[in-house]
Amino acid sequence: MHRFLLFSLLLILLAASGCGGKDLCRTFFEPYPDMVSGRFRTEKNSLFLDGMSAYAKRDYATAAEHLKVYVEQRRDEEAARLYLCCAYLALGKPYDAELQLDFLEKSDLPGFRDQVDWYNAVCWLCSGQNERALEQADRILAAKVHTYKAEAQRLKEALQPA
């Protein structure tokens, strides 16, 4: 009897806490637009372009497979890491996505700073770390200029207690 009550309570708690988070994750996660599929195919980038072909078709599992192998071979390929992050988010793997952002944060190249900021907020939102996501939204809003200010404002409004 006690197991049944504990199990029922657990299901109720999971339903109460998980649904809102998943809905917010779906609301705020938008895959980064494909800006590379039109690149000229070479021997060096063919795996990347195969992954991006799947990404463009919203086949994120196949995209992730190709992109993962590609970034393991070419650790300095920032764009591939960003797309791999988004593929993982689409697959419901926010911790794997966040790991890709960690690599981008350590990079010397400033090309994806705004995207890293925003997708970190999304990773934290999708993994139920709403407080961290809210803090990240505040950091984005505090920036003088940021690509994702409007999204951060909407996220902040969604996460602040009513």
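A residue counts as partly exposed when its relative accessible area falls between the buried range, under 20%, and the exposed range, over 50%. Keep that in mind as you look around this predicted model.

**Stop 1: a bridge between two helices**

Select Lys-156 to begin. With 21% relative accessibility, Lys-156 is partly exposed, because its value falls between those two cut-offs. Now add Asp-138, which forms a salt bridge with Lys-156, 2.9 Å from N to O. Asp-138 belongs to helix H7 (residues 130-142) and Lys-156 to helix H8 (residues 149-159), so their pairing ties together parts that are 18 residues apart in sequence. Asp-138 is partly exposed as well, at a relative accessible area of 33%.

**Stop 2: the other salt bridges**

How many salt bridges are there to find? The count is three. For another one, select Asp-23 and Arg-26, whose closest N and O atoms are 3.5 Å apart. Both residues are in helix H1 (residues 2-28), three residues apart, or about one turn of the helix. Asp-23 is partly exposed at 40% relative accessibility, while Arg-26 is exposed at 61%.

Next, pick Asp-50 and Arg-41. Their salt bridge has its closest N and O atoms 2.9 Å apart. Asp-50 is partly exposed, with a relative accessible area of 32%, and Arg-41 is partly exposed too, at 44% relative accessibility.

**Stop 3: a loop with a surprise**

Move to the loop between helix H2 (46-56) and helix H3 (60-73), and select Arg-58 there. Most residues other than glycine have a negative phi. Arg-58 has a positive phi of about 65°, although it is not a glycine. Is Arg-58 buried or exposed? It is exposed, at a relative accessible area of 58%.

**Stop 4: along helix H3**

Now colour helix H3, residues 60-73. At 1.5 Å a residue, its 14 residues should span 20 Å, and the end C-alpha atoms are indeed 20 Å apart. Which residues of H3 are buried? Select Tyr-60, Ala-63, Ala-64, Leu-67, Tyr-70 and Val-71 to see them. Turn the view to look down the axis of H3: these buried residues fall within an arc of 135°, so they line one face of the helix. On the other side of H3, you will find Glu-65 and Gln-73 exposed. To see what covers the buried residues, show the neighbouring helices; the cover includes H2, helix H4 (78-90) and helix H5 (94-105).

**Stop 5: aromatic rings**

Keep Tyr-60 selected and add Tyr-55. A pair of aromatic rings is described by the distance of the centres and the angle of the planes. The rings of Tyr-55 and Tyr-60 are edge-to-face, with 5.4 Å from centre to centre and 85° between the planes. Both of these tyrosines are buried.

The structure holds seven aromatic pairs. For a cluster, select Phe-28, Trp-118, Tyr-119 and Tyr-148, which are linked by ring pairs.

**Last stop: a charge over a ring**

Finish by selecting Arg-81 and Phe-103. What sits over the ring of Phe-103? It is the charged end of Arg-81, 3.9 Å from the centre of that ring.

Key. Residues are numbered from 1 along each chain as its sequence is written. This is a predicted model: local features need pLDDT of at least 70, side-chain atom pairs count only at pLDDT 80 or more; totals for chains, interfaces and linings use all residues. Side-chain values use heavy atoms; hydrogens and water are left out. Rings of Phe, Tyr and Trp (its six-membered ring) pair if their centres lie within 6.5 Å; planes under 30 degrees apart count as stacked, over 60 as edge-to-face and the rest as tilted. Buried means under 20% relative accessible area, exposed over 50%, partly exposed in between (1.4 Å probe, protein chains only). A charge sits over a ring if NZ of Lys or CZ of Arg is within 6 Å of the ring centre and within 35 degrees of the ring normal. Helices (H or I, at least four residues) and strands (E, at least two) are DSSP runs, numbered from the N terminus. The expected span of a helix is 1.5 Å times one less than its number of residues. The arc is that of the directions from the helix axis to the C-beta atoms. Contact means heavy atoms within 4.5 Å. A salt bridge is a side-chain nitrogen of Lys or Arg within 4 Å of a carboxyl oxygen of Asp or Glu.
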